[in-house]
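Work through the exercises below with the coordinates open. Each task is followed by a stepwise solution.

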Amino acid sequence: MANIDPSILNHLSQMQPELYWLDEDPLEPMPHPTLIGDVRSDLCIVGAGYTGLWTALLAKEANPEREVVVVEQRETGAGASGRNGGFCSYSLTHGFMNGYSRFKDEMAVIEKLGRENLDAIEATIKKYGIECNFEWNGELRVAVEDWQMQGLGEEAELRNSFGDNVELLSQEQVQARVKSPIYKGALWDPDGTALVDPARLVWGLERACISLGVKIFENSHVDRLERTKNGMIVHTPYGSVYATKVALATNVFKSLIKRAHKYVVPVYDFQLVTEPLTAEQLQSIGWKEREGLSDAGNQFHYYRMTKDNEILWGGYDAIYNFRGKVRQEYETDAETYAHLAEAFLETFPQLKGIKFTHGWGGAIDTCSRFSPFWGAAYGGRVAYVLGYTGLGVGSTRFGAQVMLDLLDGKDNERTRLKMVRKKPMPFPPEPLRFIFIRLTQWSINQADKHHGKRNLWLRLLDSLGLGFDS
């Protein structure tokens, strides 16, 4: 780490490589048993993160008599669902502009469905009394370079033509909200993003599912699927589930449907959390409205205030490991923590001296269009959804609902979307995949350094409908 100022490292001297959201866990439910023996169900769900729990909850709400079983290889919420930054966005397409570039003719419908989805998440939280510190504070996407303001202005005009209510803020206006010397302006979205405690949201959904009669088995890795005359058998080391239908909510872990592998790669994202800010430190940065923040570069940081006035700071790097390996040892990275701390202090130099207390990483399932895609297998008895690309806190509910629609053979506004019917462009096989991703990441970094100018490689990807960002 020769390029890191040694003084930056002092801010990491008290950091523990631990997941902040699990540091205080009075609301975590008791563990569930391992699946031993054979059970039967109408619907078996593989994976107990957001997607799996939303699928179970929506299935039981729609039909309380339906027998629903969830099988999880670790513990509920152990993957991305329990380790993200807690940004719960209305967007189903990883941002409006990404969706508009791919599904222009459908964006009015997608926007409507996204708003309805976020409203339904809030309603569910209230209905089941889920204590997850839900705060509908909106989001500021800040420009930290002059060239980024033009893109934010174009986005504001386009989104408002679709009925959104976003506002372009000047440098003076954004600095009045949050004080940072590098801010040039911002796009203010007052009602498109809520903030939540992601682990508590998982646990709350888990409790809601249990209250409706859903059975959950943990530490039960699914080895394979087997088709029978009238259903499917989900095999685990010590047992099995015979089910009429199966929903796969495996996120970044290797799908049980082999043909889905080519569409998804895991990339690792990292976050830091500061110690609680003092009253003087809070005054120095403003941020009284506790908005979610992110910057407007191709590679971007996202950051937010916690309930105890700590700052969670993450993003920018998206690390892909050769052959897409997902391993626990990849969940910490000293060099990335140092770069995150350096960027934090460039944004808030008035907080020099503050200590970071927690640092962690997690794998994100990303696809070439940066938004979820769906598929079915075994004659429609199995459905899956993958590719959330880090914006799954909100969109997983929609992903779960579409999976149920596909399993039930419904023809509706959701299933008719091109977004639902079409797959993204697949990634090439290794070692070309590794070279492809690294070249793209290098090119994105160069674009950010050269006023957003995209090189020949990125322009080629744009022409193919890939349009990579971080």
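R159 is buried, at a relative accessible area of 4%; buried means under 20%, exposed over 50% and partly exposed in between, with a 1.4 Å probe and protein chains only. The model is predicted: local features need pLDDT of at least 70, side-chain atom pairs count only at pLDDT 80 or more, and totals for chains, interfaces and linings use all residues. Residues are numbered from 1 along each chain as its sequence is written, and side-chain values use heavy atoms, with hydrogens and water left out.

**Exercise 1. Find the salt-bridge partner of R159 and place the pair.**

Step 1. Apply the criterion: a side-chain nitrogen of Lys or Arg within 4 Å of a carboxyl oxygen of Asp or Glu.
Step 2. R159 pairs with E155, and their closest N and O atoms are 3.3 Å apart.
Step 3. Both residues sit in helix α5 (residues 146-161), four residues apart, or about one turn. Helices here are DSSP runs of H or I with at least four residues, strands are runs of E with at least two, and both are numbered from the N terminus.
Step 4. An α-helix has 3.6 residues a turn, so residues three or four places apart point the same way.
Step 5. E155 is buried too, with a relative accessible area of 4%.
Step 6. Salt bridges that share partners join R115, R141, E155, R159, D164, D189 and D191 into one network.

**Exercise 2. Check the length of α5, then describe its buried residues.**

Step 1. The expected span is 1.5 Å times one less than the number of residues.
Step 2. For the 16 residues of α5 this gives 22 Å; the end C-alpha atoms lie 24 Å apart, which agrees.
Step 3. Buried residues of α5 are Q148, M149, L152, E155, A156, L158 and R159.
Step 4. They pack against α3 (96-102), α4, β4 (139-143), β5 (167-169) and β6 (185-189). Contact means heavy atoms within 4.5 Å.
Step 5. After α5 comes G163, with a positive phi near 95 degrees.

**Exercise 3. Set the E61 salt bridge beside that of E116.**

Step 1. Start with the total: the structure holds 19 salt bridges.
Step 2. E61 bridges to K127, with the closest N and O atoms 3.4 Å apart. This pair links distant parts of the chain: E61 is in helix α2 (residues 50-62), K127 in helix α4 (residues 107-127), 66 residues apart.
Step 3. E61 is partly exposed at 32% relative accessible area, while K127 is exposed at 57%.
Step 4. E116 meets K112 in a salt bridge of 3.3 Å, N to O. These two are four residues apart in helix α4, so about one helical turn separates them.
Step 5. E116 is partly exposed at 41%, and K112 is partly exposed at 34%.

**Exercise 4. Which backbone features mark R323, F370 and P431?**

Step 1. R323 has a positive phi of about 65 degrees, although it is not a glycine. Its loop runs between β15 (311-315) and α9 (334-347). R323 is exposed, at 56% relative accessibility.
Step 2. F370 also has a positive phi of about 65 degrees and is not a glycine. F370 lies in the loop between β16 (356-366) and β17 (373-377). F370 is buried, at 2% relative accessibility.
Step 3. The peptide bond from E430 to P431 is cis, with omega near 0 degrees. P431 belongs to the loop between α11 (418-421) and α12 (432-449).
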